[in-house]
Amino acid sequence: MASEELAQKLQRRLLLEESGEGGTVGAEGTVGAEGEPNSDPDRSCLTARAGAELSAKLCRRQDINEGAAQPRRAAVFNPYTEFKEFSRRQIKDMERMFRLYDSGQDGYIDLMELKLMMEKLGAPQTHLGLKNMIKEVDEDFDGKLSFREFLLIFHKAAAGELEEDSGLLTLAKLSEIDVSIEGVKGAKNFFEAKVQALSSASKFEAEIKAEQDERKREEEERKNRRAAFRELKSAFTQ
């Protein structure tokens, strides 16, 4: 939508300039629609700069759509610090779900992969419905979902920022990820109360410690299994 609006604005500007209605730039400044010279050099400079910026943005968007350029992205994305309302376990569950449906393993869920996801969840969508789902969280306008944009689905759902008939809200509710989604009404208050009740720092540390303890238990179980296997092997060799 943004690229179409830019294209329309640029096309209208070019048509106005070609027809003489939008004025032409001369050595003394700009010439208005009625042929009267505008001697304000600052306005002339701003007009030329705005046209150049608009043209550059449109060209870049076209390159991105054609695959000749990549959208600019933040150098570092840390889901644990950006989405503090979710626990580490919840974010890891979301990451597993994202990777499960990222069949192309390119770090994105495109329209066809989203179609498969919704079918697996038992809520198939129309082609237009799928496009609208992506558009709701597609911050870089590339027509597919990055992991950050995928997390935005659950963020918006939990905060009550999605309409009841939104396909994204359906996705969040049907997923097996427990983010305590209560629909549009009451969800925001629930999360505000939850955030106030638990300190983010202490919760983060507790989750890390729990993960470390779990890894220790798994390692201990592996050692016990190896020891039992060696004893069984030695008993057969005697």
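**Exercise 1.** At what angle do the axes of H7 and helix H8 cross, and within what distance do they come?

*Solution.* The model used here is predicted. Begin with what has to be found: two packed helices are described by the angle between their axes and the distance between the axes. The axes of H7 and H8 (residues 167-174) come within 9 Å, and they cross at roughly 90°. Angles of 65 to 115 degrees count as roughly perpendicular, and H7 and H8 are therefore roughly perpendicular to each other. Next, identify the residues that touch: H7 contributes Phe150, Ile153, Phe154 and Ala157, while H8 contributes Leu168, Leu169, Leu171 and Ala172. Sorted by class, this contact has eight nonpolar residues, with no polar and no charged ones.

**Exercise 2.** Describe the aromatic pair formed by Phe150 and Phe154, and state whether each residue is buried or exposed.

*Solution.* First place the two residues: both lie in helix H7 (residues 147-158), four residues apart, which is about one turn of the helix. Their rings are 5.4 Å apart, centre to centre, with 70° between the planes. Because planes over 60 degrees apart count as edge-to-face, the pair formed by Phe150 and Phe154 is edge-to-face. Finally, turn to accessibility, where buried means under 20%: Phe150 has 0% relative accessibility and so counts as buried, and Phe154, also at 0%, counts as buried too.

**Exercise 3.** Which residues do ring pairs link into a cluster with Phe150 and Phe154?

*Solution.* Start from the whole structure, in which a search finds five aromatic pairs. Then follow the links between rings: the cluster holds Phe77, Phe83, Phe98 and Phe147 along with Phe150 and Phe154.

Note on methods:
Residues numbered from 1 in each chain as written. Predicted model: local features only at pLDDT ≥ 70, side-chain atom pairs only at ≥ 80, totals over all residues. Heavy atoms only, no water. Phe/Tyr/Trp six-rings, centres within 6.5 Å; stacked < 30°, edge-to-face > 60°. Buried < 20%, exposed > 50% of the residue type's maximum accessible area, 1.4 Å probe, protein only. Axes fitted to C-alpha atoms, helices over the stretch in contact; angles between N-to-C directions. Parallel < 35°, antiparallel > 145°, perpendicular 65-115°, else oblique. Contact = heavy atoms within 4.5 Å. Nonpolar A, V, L, I, M, F, W, Y, C, P; charged D, E, K, R; others polar.
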